Amino acid sequence: MIAYEQVESYMKEVGLKYIKTANDFIAGLAVRTDKQYAQDMAYELNSRGEGAPVDNAHFYELKNRSLDGSVYVSAAFDGGVFRHIGNLVIDNADLFGDSVLDLCCDCGIVTCFMARQFPEKKFVAIDINEGAIENAKELAKRLGVENAEFITADVFELDLGEKFDCVTSFRALLDACELKTQGLNFLGYRPDREETYKNAFLDFAKTVAKHLKENGNVISVERYTAEYGWLGWMQALSECGINMDAAKCEQMQAQDISGTKDYSVTFAGFNKTDAPLDTFNDVLSRKFKSGTGYDGGMAEFALYYDSEGEIEFIDIIKGRRTIHQFAFATAKNGKRMFFDAANNNRKIKYYNEKKEDRMRADFEAKLKLYDPETFKIEKYSKQV
């Protein structure tokens with residue numbers, strides 16, 4: 001991506017360098033901090049990579065043991081999205097008003113950028129991690145930022161007694177709502193699944209609504225995307241009276257040390273009028289072409305957006321989790337559609353009706369992999 005000069009200048013000043021490999025990351029971390037910090041962080045990240053239970057509270061305590069360490073870890077895993085956010089801030093300067101509340105600010109990298117960009121505005125940033133807030137204060141001091149206040153606080157219990165022209169959340173939901181989203185399905189009938197995410201995000205949305213002025217704006221960039229969660233996040237905001245600005249909402253991709261990651265960008269406010277599902281459909285339809293096979297979130301979008309009549313679902317359930325979902329449908333152009341989703345892998349194929357028997361045979365072969373005594377096989381149809 002091409003970042004504005006102001007963004008690149010800030011990133012270099014803070015130390016948000018592009019880091020290409022894991023070895024470069026660990027070596028650079030040891031130089032900037034100490035050997036023990038680098039070893040502890042390497043162990044934490046390796047454990048996560050090997051499937052150990054994720055404890056974000058512990059991770060952020062470790063990350064914020066030092067400011068230089070915290071910034072360097074952010075460079076590796078969030079540097080790309082921070083550049084996108086910097087561009088977004090500059091492009092939407094008119095939406096920030098005179099006062100901004102930044103939720104779950106971590107060590108203050110984005111808050112300080114915004115405060116430097118808009119020195120005439122007031123910024124208040126909160127995070128539950130005391131080490132993160134102390135680092136944010138130190139970063140602000142290093143950068144000469146005087147118009148930002150950093151407060152240690154739980155976003156779910158926050159009541160500052162004032163309202164702001166703009167409330168922002170950048171990479172906040174995934175970590176703040178970790179406990180509320182544990183065990184939720186990645187797969188399943190989309191309206192039901194997204195309802196569970198809406199409920200998980202609702203308390204966060206209530207905090208946003210409590211602190212937003214009547215004509216204020218909400219800007220969020222989150223790791224919950226079209227695959228699951230983004231629609232639920234917009235629904236949570238909507239339940240609090242905050243509607244979307246569909247024309248500004250978008251999908252975003254950013255590069256980090258582990259590869260390319262997807263993000264959702266939400267613009268909203270009490271004075272906006274677009275409903276969550278309308279916004280979701282608007283954003284994804286911009287790049288959608290009927291009859292094209294898709295992977296990922298666009299595959300599921302195609303199933304719901306492009307089908308006509310009933311969708312035939314087959315869910316494979318183990319315990320409380322849907323681990324595999326199949327679906328058959330007819331597209332608006334008359335072609336048949338087959339949807340196959342397991343974990344985070346989603347695919348949809350379009351095919352002519354004369355291939356129906358072969359597609360059904362392939363599906364039945366996949367279905368036989370699941371022993372009915374171990375897995376629950378649930379079949380149902382939904383009208384779209």
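This passage describes a pocket and the aromatic contacts of a predicted model.

The second largest pocket holds about 710 Å³ of space. Its lining is made up of 32 residues, and those closest to the centre are Tyr60, Asp127, Ile128, Asp175 and Ala176. Two or more lining residues come from each of helices H4 (56-63), H5 (67-91), H6 (109-117), H8 (173-176) and H9 (178-181). H4 gives the largest share, 5 residues. By character, the lining residues of this pocket comprise 15 nonpolar, 13 charged and 4 polar.

Across the whole structure, 31 aromatic pairs were found. One of these joins phenylalanine 288 and tyrosine 305 in an edge-to-face arrangement, with 5.8 Å between the centres and 85° between the planes. Phenylalanine 288 lies in the loop between helix H12 (276-285) and strand S9 (294-295), whereas tyrosine 305 belongs to helix H13 (residues 297-305), 17 residues apart. Phenylalanine 288 counts as buried because its relative accessibility, 15%, falls under the 20% limit. Tyrosine 305, at 30%, is partly exposed.

A stacked pair is formed by phenylalanine 326 and phenylalanine 338, whose centres are 6.1 Å apart and whose planes differ by 15°. This pair connects strand S11 (residues 321-330), which contains phenylalanine 326, with strand S12 (residues 336-342), which contains phenylalanine 338. Both phenylalanine 326 and phenylalanine 338 are buried.

Ring pairs also link Phe156, Phe186, Tyr197, Phe201, Phe204, Tyr224, Tyr228 and Trp233 into a cluster. Over the ring of phenylalanine 156 sits the charged end of lysine 180, 4.7 Å from the ring centre. The charged end of lysine 248 sits over the ring of phenylalanine 267, 5.5 Å from its centre.

Key: Residues are numbered from 1 along each chain as its sequence is written. This is a predicted model: local features need pLDDT of at least 70, side-chain atom pairs count only at pLDDT 80 or more; totals for chains, interfaces and linings use all residues. Side-chain values use heavy atoms; hydrogens and water are left out. On a 1 Å grid over the protein atoms alone, a cavity is a set of points where a 1.4 Å probe fits but cannot get out, and a pocket is an open set with protein on both sides within 12 Å along at least five of seven lines; lining residues have an atom within 4 Å of a point. Grid points are joined across faces, edges and corners, and a volume is the space filled by probe spheres set on the points. Helices (H or I, at least four residues) and strands (E, at least two) are DSSP runs, numbered from the N terminus. Ala, Val, Leu, Ile, Met, Phe, Trp, Tyr, Cys and Pro count as nonpolar, Asp, Glu, Lys and Arg as charged, and the others, Gly among them, as polar. Rings of Phe, Tyr and Trp (its six-membered ring) pair if their centres lie within 6.5 Å; planes under 30 degrees apart count as stacked, over 60 as edge-to-face and the rest as tilted. Buried means under 20% relative accessible area, exposed over 50%, partly exposed in between (1.4 Å probe, protein chains only). A charge sits over a ring if NZ of Lys or CZ of Arg is within 6 Å of the ring centre and within 35 degrees of the ring normal.
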